[in-house]
Amino acid sequence: MRTTHLLLAATLLSSTALADSYECRHCEKHLLPQPVKIIPGRKYARDRRADILHLKLDVTPDFAKRTIAGTATIRFKPIALPLTTLELDAVDLKISKITAEGASVAEHEVTNDKLIITFAKAVAPEEEAAVAVTYSAQPEHGLYFRTPEMGYKEGDTQVWSQGEAELHRFWFPSYDYPNERFTSEVICHAPKGMEVVSNGTLKSQTPEAGDRVAWRWLQDKPHVNYLIAMACGYFHKLEDKAGKLPLALLVPPSHAAQAANAFTDTRKIIEFYQKEIGVPFAWDKYYQVYCLDFLAGGMENTSCTFEAADMLFNSDMEQLRSLHGLDAHETAHQWFGDLVTCRDWSHLWLNEGFASYYTILYEEQKLGLDAMNHSLWHEAQQVFQSNDTRPIVWRDYGDPMQQFDSRAYPKGAWVLHMLRSQLGADLYRKCIQTYLQRHRNGIVRTEDLQDVIEEVSGLSFDQFFDQWLFHGGLPELKIDYSWDAGSKLARITVRQTQKLSDQVRLFRLPLPVGFTIAGQNKPLQFKADVSKDVEDFYFSLPAQPELVRIDPDYTVLAKITFTPPGPMLDKQLQSDVIGRLLAISTLDHRGIDKLSKALRDDAFYAVRSEAAKALAKIAEPEARAALIAGSSGQKDARVRRAVVQALAALNTPDANDTLWKMAQSEKNPEILASIITTWGARPGEPEIAKALRTQLAGTSFNSTLQLAAIRSLRAQDDESSVPDVLARLQSLNDLRGRDVATAFDSLAFLARRPTNAQRDAVRDFLAEKLSDPRRDWRVAAAKALGTLRDPKALGLLDLMLAISGGDIIDPVLEAAKKSTQDIRAGLESPADLKKLWDRVQQLQKKSEEQEKEIETLKKKAQPATKK
């Protein structure tokens, strides 16, 4: 029905094509890390009327139709009260049969989001029973097909699941909430030659009629519903072992050349975590499956993480790309999130904060303390930039996916770092080991972690947990320093400047202060117990310090404003990585020489990168000269990228000339793409115009350089490039999902003027993509129509909105609604709308007349024969 409406609308609105020029070959599917259903009000953990013991899925995917059919068998027993009805989460499932064992089904009801099974007689507490639900589905969420008919490469066909937060209900009936654990079994009937990966241990591969093979995976250790996984398709496979633990990495065959880059650290990560955490890896294997157009970076299904294939890279990316961070994060979840799981989504940080922090700990293991501290710096910047004053443990979310933000990830990681800093590494390790052992195979709340820490340490952490987890914000500290030579006292004045509210209070925290004294080997360390809005702290020292450092070991998450007096800055530029980064952030035009030296000589890449940014910010001729001089000889690709970005920010003739010269020799495709993007600020230059057309017509891994050229042409607002950009996008059918929105929007922007001769062709192209089976492509097309601002698209968008319904958020319809509003806002008056509708009616009439003429011509060409 929907396809028919889209074809009709496209016909009516096209001034250049007949109806049969639009072939809608596919329908529906895709997307997540977006809310799918907003429910107002505070959220609390569900009641558990029944204890789910085991879930068995026996399914057959149909790749041609992109559907799934099978039977879900759920074994359970009531917990405390007789159970008359069993409610299962299920959305858009076609139920064909329900049977029961140990109970008798009286009837069942299917609602918008539930399958409610009523028993003829209530099942008594502690009595085991089972229901088997036979069903089929063409899922909108939870299960995602990738086939050649959808634009993916031949031989890469796959289907994979993604359950977090509550998405499995779209492809099988279940108790789809994280406060219930059970064992699971997945049987998938796959075409011969494909491989199936799921949780646990592979029990059998049984050939079947119809050239299929039944793969049976059993997870005999309990886990929650969203961690159930299934991937089926063609894969290139690498294998290894961590002790006796089987390891494997599977990628689409077209990505075989990139596979090894993703598998370099897995064994080392598991070995490190087992030692650091003190709890052995809990599952029977650890596989990683790289999925085409995956919805996020990765997903930590028990024993088989799924990750995004577009994260894979070639070795020519140098230091710009590494997958050890993603690998470490998802592997940490096998303990934090899988072995123990948050009771409800308000406690999500117990999953994501731990995974984020242990990734940082592996960074130290792999690359050293400087790398660890820089990771902490990066995480802190994310928290600062978010300016989020909500608590980490927050119950007012509308959809669970709204919890997956800076509070759960970087701020959660920093909470653990502060705990570790206060407890000491050994005591912290003992606390975490106890926490995991006590709650192994269970569900947890934030209070469970606090109880263990207090029990093991003997210390009270009420205030810590209250201010960092159950209240929001963070301390913002303005600090002043002075020295009294007579009394040999250093004074530190600390002001808490964060805006106070019911959510954000004054913080109480131990603030380390360090003083470096000439002739002494180690700095003198003190702690100021900060608790008021303004406080003075005095420190008796043997002599005036050469350097004052606030939180020298980097143990407190706080926005700290402190500028050391003049000579101290030179000393700080010779200190640790965090000290050097902080010093660079305070230098102005008087410190150009120091920044130039840091760019050339500092041992750590991030310091050199920050020096480049600081020189660009100063932007004076001397700073520009230092930046240009420092651009040569940089072997670390991360620094070269930072230099490119700094030069681009200047946009001066000498900076542009430097970028042009760098482009002639740069081999790293990501850095070259960054340079190409800077050409967007240089319209009208023949040399640049020619280079952009050359790059647009070329090829590169993941079309990196072609997309950069398109971005640059958009920035130039070069509408003469529309035919070339349109032709290139028509040939790039395998663009990664995340790049499609940028490309489509750029094309629409370039063709947005009513005088552009290609505007109709661009509208037709975008209209066709509204029927693409990839949802992110449809979302991109719907958004781009708003950028195109073509009133002729209103009829098509209105038809899409007219057939919408239900309370599940459809990102395509949301994009169409926004585009409709944008287009109408651009119309000058109601008279324009009338003219538009008159035009649509004229086009419809013209199309009907053309169809009649074609039919008449057909009849004339085939005269009736005599009988």
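This section describes the confidence, sheets, helices, selected residues and cysteines of a predicted model.

The model has an average pLDDT of 92, and 91% of the residues score at least 70. Two stretches fall below a pLDDT of 50. In residues 1–32, where the pLDDT is below 50, the model nevertheless places 96 contacts beyond near neighbours in sequence. Residues 863–867 are also below 50, and this stretch has zero contacts beyond near neighbours in sequence. Where pLDDT is low, the predicted coordinates should not be read in detail.

An open sheet of seven strands has the order S4-S7-S2-S1-S10-S13-S12, with mixed pairing. Its edges are strand S4 (94–101) and strand S12 (201–208), each of which pairs on one side only. On average, neighbouring strands of this sheet are turned by 15° against each other, direction ignored. Within the sheet, strand S1 (residues 50–62) is joined to strand S2 (residues 67–78) by 12 bridges in the antiparallel sense. Leu-55 has Ile-74 of S2 as its bridge partner.

A further open sheet is built from four strands in the order S26-S23-S22-S28, and its pairing is likewise mixed. Strand S26 (534–540) and strand S28 (559–561) form the edges, each pairing on one side only. The average turn between neighbouring strands of this sheet is 25°, direction ignored. Eight bridges connect strand S22 (residues 476–484) with strand S23 (residues 489–496), and the two strands are antiparallel. Across this pair, Ser-482 lies opposite Arg-491 of S23. In general, the strands of a sheet pair through backbone hydrogen bonds, either parallel or antiparallel.

Strand S8 (residues 143–146) shows the alternation of side chains along a strand. Leu-143 and Phe-145 point one way, whereas Tyr-144 and Arg-146 point the other way, and all are buried. S8 runs antiparallel to strand S9 (residues 158–161), to which four bridges join it. Leu-143 of S8 has Ser-161 of S9 as its bridge partner.

Among the helices, H21 (residues 737–750) was compared with its expected length. At 1.5 Å a residue, its 14 residues should span 20 Å, and the end C-alpha atoms are 21 Å apart, so the two values agree. H21 is mostly covered, with 10 of its 14 residues buried. The buried set consists of Gly-737, Asp-739, Val-740, Ala-743, Phe-744, Ser-746, Leu-747, Ala-748, Phe-749 and Leu-750. An α-helix has 3.6 residues a turn, so residues three or four places apart point the same way. The cover over the buried residues of H21 includes H19, helix H20 (722–731), helix H22 (759–769) and helix H23 (775–788).

Ser-703 lies in the loop between helix H18 (686–697) and helix H19 (704–716). Its relative accessibility is 10%, and because buried means under 20%, Ser-703 counts as buried. Apart from residues up to four places away in sequence, Ser-703 touches Leu-732 and Leu-735.

Ala-598 is located in helix H12 (residues 592–601). With a relative accessible area of 11%, Ala-598 is also below the 20% limit and is therefore buried. Beyond its neighbours within four places in sequence, Ala-598 is in contact with Ile-584, Arg-608 and Ala-611. Ala-598 and Asp-760 are separated by 162 residues in sequence, and their C-alpha atoms are 53 Å apart in space.

The structure contains zero disulfides. Two cysteines, Cys-188 and Cys-291, illustrate this result against the cut-off, which requires the sulfur atoms of a pair to be within 2.5 Å. For Cys-188, the closest cysteine sulfur belongs to Cys-232 at 4.2 Å, which is too far for a bond. Cys-188 is buried, with a relative accessible area of 0%. For Cys-291, the closest cysteine sulfur is that of Cys-304, and the separation of 9.6 Å is again too far for a bond. Cys-291 is buried as well, at a relative accessible area of 1%.

Notes:
Residues numbered from 1 in each chain as written. Predicted model: local features only at pLDDT ≥ 70, side-chain atom pairs only at ≥ 80, totals over all residues. Heavy atoms only, no water. Buried < 20%, exposed > 50% of the residue type's maximum accessible area, 1.4 Å probe, protein only. Contact = heavy atoms within 4.5 Å. Pairing = 2+ DSSP bridges. pLDDT = per-residue confidence, 0-100. Axes fitted to C-alpha atoms, helices over the stretch in contact; angles between N-to-C directions. Expected span 1.5 Å × (residues − 1).
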